[in-house]
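Hello,

Here is the structure I am handing over to you. Please open it beside this message and look up each part as you read.

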Amino acid sequence: MAKSGHINTTHRAWWKECSVYQIWPASYKDSNDDGIGDIPGIISKLDYIKKLGVDIVWLCPSYKSPQVDMGYDIADYYSIADEYGTVADVEKLIQGCHQRGMKLLMDLVVNHTSDQNEWFKQSRSSKDNEYRNWYVWKPPRFDEQGNRHPPNNWISHFQGSAWQFDELTGEYYLHLYAKEQPDLNWEHPPVRKAVHDIMRFWLDKGCDGFRMDVINFISKDQRFPDAQVKDPRSIWQWADKYYANGPRLHEYLQDLGKILKEYDAFSVGEMPFVKDENEVLNAVRFDRGEINMIFNFEHVDIDHGEYDKFEPGSWKLTDLKNFFERWQTFMYENDGWNALYWENHDQPRCVDRYTHAKEEHRLHASKMLATVLALQAGTPFIYQGQELGMRNVPIEWGMEEYKDIDCLNHWHGLTKEKRFDTKAQQIARQEYQKKSRDNARTPVQWSSAPNGGFTGPNVKPWMSVNPDYVRVNAEKEVDDPNSTYNYWASVLRLRKQELDIFVYGDYQSVDRDSQDIFAYIRGGKILVVCNFTDKALEWDAKANGVQNTKEVLLNNYEGTGVATQKIMGEKWPLRPYEALVVMLKD
Ligand code: GLC
Ligand code: CA
C-alpha cells in the first residue's frame, strides 16, 4: 500500500464542509391539491430537510415558464411560476432556511431562455430590433438545387437540428436544447449585464448562491463550423467541441465570480462534455475566482450506449472507481474541489443504476451508495427521494406515464424515422425505464396515504406516484432508526465529526482492481469498504494491507459493536451491499 495520510487545510471554506439537498419543485409536495408541487409545500417540509443534516437547499427552476423543459425554459427571471407560488413565497422559503441555519441556492439557467421570454419575442420580431443580437441568428445555407438548410449540422440535445427557421425574418436561431429554448448570445455585452442583474436581484433577496445550468456552453466558437461527422449515429458528439468550454468561458466566469465573491455566495456549475481535467480546474481552482465546483458526467454516462443514452450500455465497477480516483486525486493535488452526486432531476435512481439490488436488498444498497459517495472529498449532493432510497419507475409503466421531453422526443424520433419495429420499441422502452429522467421525477413519497401523501387523495398528480410508496415513504423512515433516511443523517453527521479527515484528507484507493469491492482510505485514517454485489463475500483485509484497525464508525447493517468484531480478523465477512467505515490506528 502506498504511503498517504495527508490532510490539507490551507484553503478551508464553508462550502467545502456543507452538503446540499436538491429540490425539484413540481414533485416535492403539493400544498393546494392541484396535483403540482409548490413552494408552500417545500416550506412545510423544511424541518424534515433540516433533520437530515444538510446545510443547503437547492431549488430547481421555479421561475415563470411554459414548462416545455420543466422550468429550464425561463420566460421571466424575476417572477415565479403561478403553479409554484410567488416571489413572496420564495422569500419565505429563504427565511425558513435561514432560521434553521440552512442556505438556499437557486438555479441559474442562462445558456438559453424560453422562446416566451420577452427578450426573445423582441429578438425574433425584426432584424433591427434592439434585442436581435441577444440570441444567435444566422442566415440559411442553400444547396445547388436552392434547398434551404440550417447554418451548420449541429444537433440539439433533444433530437433534431440545433437550428430553428423563423419565417418572419427568414433566419435560423440556435437552440442546443428544445426549439423552445433559444440560446443566448453571450458575445453581446447587454446579455452578460442582464445575467449579472438577475444574480444580484436574487442575492439581494437573501439567496445564497446558484447552481448554474450547462454553464460551460455559454461561449461558442463564433465561426459556428460544421461538426465533422465520423458516424451519423453520433453526430451530436462531434459538435460539442465548438460550444463546450469555448474560447471566452473563463472570461465570463470571472465576471460571475466577482459577483459571487461580493456576496460570499455558493456556486456549482453543470459541465457536460468535459474531457480534460485542466479545463475544469481553470473554473474551480481555489485562487481562480470563478466557481466553487462543477458537476461531472462520466459516472452518470457510464451505462449509456456507444452512440446514444437510450441504447444499452454496460460498465464495470473498476470504471466507476477509476473515475472517482482520478478526480479525487486531481482536485486534491491541484487545489480544486469536487461536487459529489449520484442523482439529480436528470438521472435515474442510484439503487437501480449502480446496483442489481432486488427489493430485499434495497435498503442496504441505498445506504451503501450513501456511504461510498458522501465520505469522499467533495461537497455531497442528495436529490429528493434519494434519502428514502426511492427507485426507478416500474417496468410495467406504459409510455403514457412518461412526461419528459428528452424521452418523448426520442420515442417520437423512433416512430418518425421508421426505425420503429417491435424490437427497437422493446429496447427503447427498457432503456427508458433505466435511464429516462422521468425516473427521478415521480412525486416524493411522504406517506402510505393515497398518492403517497404528495397531494390530496382524490387528486390526479401531474405525474403518477411510484406504487412502491406503500413500502417506501418518509413517514415510515423518519421514525425508523434503520431507515435510509436516518442512515444518511448518520453519514452526514460522521462527515462533520471527522471534518479534517473527510473534507480535507487525501484519498487513497484500496483493492483497486476488484470488481466487487469499492474501498478507499481518507487522510490515512479512515477506511471505507463497500460490497457492491448482492452476494455475501469475504474481503481479504490483510492482503490489501489493512491490519491496523481500531473500530467501526459506521455500518449499514447493524450496531457498530457487532461489526467491530469482524474487522479484527484477516478476512472480513461482508454481507450483500454491506458498507463499513473503519477507524485505523495511528
Ligand atoms: C441541464 C438541466 C436539464 C435541462 C438542460 C437544459 O442539463 O439539468 O434538466 O433539460 O440543462 O436546460
Ligand atoms: Ca400545488
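**What was found**

Valine 552 stands opposite valine 582, a residue of strand 22. Please keep in mind that this is a predicted model.

Strand 22 is a good place to begin. It covers residues 579-584, and it pairs with strand 20, residues 549-555, in the antiparallel sense. There are 5 bridges in that pairing. Strand 22 also pairs with strand 18, residues 526-531, again antiparallel and over 5 bridges. In that second pairing, cysteine 530 stands opposite alanine 579 of strand 22.

How many of the residues of strand 22 are buried? The count is 6 of 6, and the strand is mostly covered. Its side chains point two ways: Ala579, Val581 and Met583 go one way, while Leu580, Val582 and Leu584 go the other. Both sets are buried.

**A sheet of 3 strands**

Another part to look at is an open sheet of 3 strands in the order 6-10-9, with antiparallel pairing. Strand 6 (137-138) and strand 9 (163-166) are the edge strands, each paired on one side only.

Strand 10 takes in residues 171-174 and is joined to strand 6 by 2 bridges. The partner of tryptophan 137 in strand 10 is tyrosine 173. Strand 9 is joined to strand 10 by 4 bridges, and these two strands also run antiparallel. Here tryptophan 163 has leucine 174 of strand 10 as its bridge partner.

Strand 9 and strand 10 form a hairpin with 4 residues between the strands. In this hairpin, glycine 170 has a positive phi near 70 degrees. Strand 10 is covered on both faces: Glu171 and Tyr173 are buried on one side, and Tyr172 and Leu174 are buried on the other.

**Two residues with positive phi**

Most residues other than glycine have a negative phi. Two exceptions are worth finding in the viewer.

Methionine 70 has a phi near 45 degrees, which is a positive value. It sits in the loop between strand 3 (63-64) and strand 4 (76-80). Is methionine 70 buried or exposed? Its relative accessible area is 18%, and the cut-off for buried is under 20%, so methionine 70 counts as buried.

Phenylalanine 224 also has a positive phi near 45 degrees. Its place is in the loop between strand 11 (209-212) and helix 7 (235-243). Phenylalanine 224 is buried because its relative accessible area is 8%.

**Ligand 1**

Which residues are closest to ligand 1? They are Asp69, Asp213, Glu270, His345 and Asp346, out of 14 residues that surround the ligand. By class, this shell has 7 charged, 4 nonpolar and 3 polar residues.

Three side chains can be checked for polar atoms beside the ligand. In aspartate 213, a polar side-chain atom lies 2.8 Å from an oxygen atom of ligand 1. In arginine 211, an N or O atom of the side chain is 2.9 Å from an oxygen atom of the ligand. For arginine 437, the distance from a side-chain N or O atom to an oxygen atom of ligand 1 is 2.9 Å. On its own, ligand 1 has 310 Å² of accessible area, and the protein covers 97% of it.

**The calcium ion**

Ligand 2 is a calcium ion. Its protein donors lie 2.2 to 2.3 Å from it: Asp30 (OD), Asn32 (OD1), Asp34 (OD), Ile36 (O) and Asp38 (OD). Along the sequence, these donor residues follow the spacing D-x1-N-x1-D-x1-I-x1-D.

How do the donors asparagine 32 and aspartate 38 stand with regard to burial? Asparagine 32 has 47% relative accessibility, so it counts as partly exposed. Aspartate 38 has 1% relative accessibility and therefore counts as buried.

Please go through the parts in this order and write back with any questions.

Regards

Terms used
Residues are numbered from 1 along each chain as its sequence is written. Chains are lettered from A and ligands numbered from 1 in the order in which they are written. This is a predicted model: local features need pLDDT of at least 70, side-chain atom pairs count only at pLDDT 80 or more; totals for chains, interfaces and linings use all residues. Side-chain values use heavy atoms; hydrogens and water are left out. Two strands pair if DSSP finds at least two bridges between them. Buried means under 20% relative accessible area, exposed over 50%, partly exposed in between (1.4 Å probe, protein chains only). A residue is near a molecule or strand if one of its heavy atoms lies within 4 Å of it. A polar contact is a pair of N or O atoms within 3.5 Å; within protein, one must be able to donate a hydrogen and the other to accept it, and residues adjacent in sequence count only if both atoms are side-chain atoms. Accessible areas come from the Shrake-Rupley method with a 1.4 Å probe; for residues, only the protein chains shown count as cover. Ala, Val, Leu, Ile, Met, Phe, Trp, Tyr, Cys and Pro count as nonpolar, Asp, Glu, Lys and Arg as charged, and the others, Gly among them, as polar. Donors are N, O and S atoms within 2.8 Å of the metal (3.2 Å for Na, K and Ca); water is not among the atoms, so sites may look incomplete.
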